[in-house]
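This report examines selected helices, strands and residues of one protein model. The sequence and the structure are shown first.

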Amino acid sequence: MKLKTLLTAAALSGLTLLSASASAFSLFGSDDDTLKLGYLVKQPEEPWFQTEWSFAEKAAKDKGFEVIKMAVPDGEKTLNAIDTLAASGAKGFVICTPDPKLGPAIMAKAKSYDLKVVTVDDQFLNAKGQPMTDVPLVMMAASQIGYRQGQELIKEMQHRSWDQATTGVMAITADELDTARRRVDGAIKAIEESGFPVAQVHRVPTKTNDIPGALDAANSLLVQYPTVKQWLVVGMNDNTVLGGVRATEGQGFTAKNVIGIGINGVDAVNELAKSKATGFYGSLLPSPDVHGYKSIESLYDWVEDGVQPKKFVEVTDVVLITRDNYKAELAKKGL
Ligand code: FCA
């Protein structure tokens, strides 16, 4: 196999061939002058991040550079990935960090190799736990989108004429991640502003940001409130809400007495495509396409033309997708 083919294959397959690409780079170095930029994501199993990757590749095609896609599920893999990128001759990377507190370590390593960094989705925190506002960031309008999630839940509850007195809100939280905290707080704000009783809003933290973590959290909450007859499920993304909905199913709830609305949209497609409706009513679809394209485009302009990226780009577009409209709404975005 020609080296270029090997490198491209390694870059495309991300996770599995990461070590193959690393050894190929260090053995042979770069084989041409094409600019290389990395795109590192914490959870490559989420369609959200796969969508960002594919739109980063679209930007690469449009502008004429190469994207090296890498999975960075933990701190060690993140720092190793930066070594690999530097060895490949890359000039910078976009990253959604597995842990915001890695910010200073990531920046120190990147600086040591003179690599430029743009963050996406999750903001870095410094040693004092404050946001590192100097590092460019592209993210969704977390509070606003969370607020919309709360509004849509109440709207659907009212549409079904549920008795508010026997309805509970299950809010699965992940407060150490700022964007998650802001989304969930936004949703609860909207719910409480609608007049929903504050005492019927129950928060429970998840240990991990995936379906099993949220399922465990939700199970521990459900046993505490056995008299609740209908549930509204809030969480920072689709997987969190899916975990909550799965837990309600375990207690005999169905699509009739549960309304869950996620955030991310692209991670909800399999659920919405099920032949029978579930308690997962819908999802707010922001713009993973814009995040993927804009973040790496701004990195490219910075590396290639010295154009400083904006420190903060907040993406506000969002649409509610349900079983009725998800195909059309995704198609509108080319997803
Ligand atoms: C965080 C979440 C992802 C996605 C992203 C925009 O990183 O973990 O699922 O919602 O923000």
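## Helix H8

What span should the 12 residues of helix H8 (residues 211-222) have at 1.5 Å a residue, and how far apart are the end C-alpha atoms? The model is a predicted one. The expected span is 16 Å and the end C-alpha atoms are 16 Å apart, so the two values agree.

The buried residues of H8 are Gly-213, Ala-214, Ala-217, Ala-218, Leu-221 and Leu-222. Viewed down the axis of H8, the buried residues occupy an arc of 165 degrees, and therefore they line one face of the helix. Pro-212 and Asp-216, on the other side of H8, are exposed. The cover over the buried residues of H8 includes strand S6 (167-173), strand S7 (201-205), strand S8 (230-235) and helix H9 (238-250). At the N-terminal end, Asp-210 acts as a cap of H8, with a side-chain oxygen 3.0 Å from the backbone nitrogen of Gly-213.

## Gln-224 in the loop after H8

Gln-224 belongs to the loop between H8 and S8. Is Gln-224 buried or exposed? Its relative accessible area is 51%; exposed means over 50%, so Gln-224 is exposed. The side chain of Gln-224 reaches back to the backbone oxygen of Ser-220, at 3.1 Å. Between Gln-224 and His-202 the separation is 22 residues in sequence, while their C-alpha atoms are 9.9 Å apart in space.

## Helix H3 and the nonpolar cores

For helix H3 (residues 47-63), the 17 residues should span 24 Å at 1.5 Å a residue, and the end C-alpha atoms are 24 Å apart, which agrees. Buried residues in H3 are Trp-48, Phe-49, Thr-51, Glu-52, Trp-53, Phe-55, Ala-56, Ala-59 and Ala-60. Elements that cover them include strand S1 (36-41), strand S2 (66-71), strand S3 (92-96), strand S4 (116-120), strand S5 (137-140) and helix H11 (288-305). Just after H3, Gly-64 has a positive phi of about 85 degrees.

The largest nonpolar core consists of 74 residues, and Tyr-39, Phe-65, Leu-232 and Ile-296 have the most contacts inside it. H3 supplies the largest share of this core, 7 residues. Neighbours within four places in sequence aside, Phe-65 contacts Thr-34, Leu-35, Leu-37, Ala-56, Ala-59, Ala-60, Ile-296 and Tyr-300. Another core, of 19 residues, lies apart from the largest one; among its members are Leu-40, Leu-102, Ile-106 and Phe-124.

## Strand S10 and its partners

How many of the 6 residues of strand S10 (residues 280-285) are buried? The number is 5, and the strand is mostly covered. S10 runs parallel to strand S9 (residues 258-263), to which 4 bridges join it. With strand S12 (residues 319-322), S10 pairs in the antiparallel sense, again over 4 bridges.

Ser-283 illustrates both pairings. In S10, Ser-283 is the bridge partner of Gly-262, and Ser-283 also stands opposite Ile-321 in S12.

## Glu-152 in helix H6

Glu-152 is located in helix H6 (residues 142-159). Its relative accessible area is 10%; buried means under 20%, so Glu-152 is buried. With residues up to four places away in sequence left out, Glu-152 touches Ile-261 and Leu-320.

Key:
Residues are numbered from 1 along each chain as its sequence is written. This is a predicted model: local features need pLDDT of at least 70, side-chain atom pairs count only at pLDDT 80 or more; totals for chains, interfaces and linings use all residues. Side-chain values use heavy atoms; hydrogens and water are left out. A nonpolar core is a set of buried Ala, Val, Leu, Ile, Met, Phe, Trp, Tyr and Cys residues joined through side-chain atoms within 4.5 Å. Buried means under 20% relative accessible area, exposed over 50%, partly exposed in between (1.4 Å probe, protein chains only). Helices (H or I, at least four residues) and strands (E, at least two) are DSSP runs, numbered from the N terminus. Contact means heavy atoms within 4.5 Å. The expected span of a helix is 1.5 Å times one less than its number of residues. The arc is that of the directions from the helix axis to the C-beta atoms. A polar contact is a pair of N or O atoms within 3.5 Å; within protein, one must be able to donate a hydrogen and the other to accept it, and residues adjacent in sequence count only if both atoms are side-chain atoms. Two strands pair if DSSP finds at least two bridges between them.
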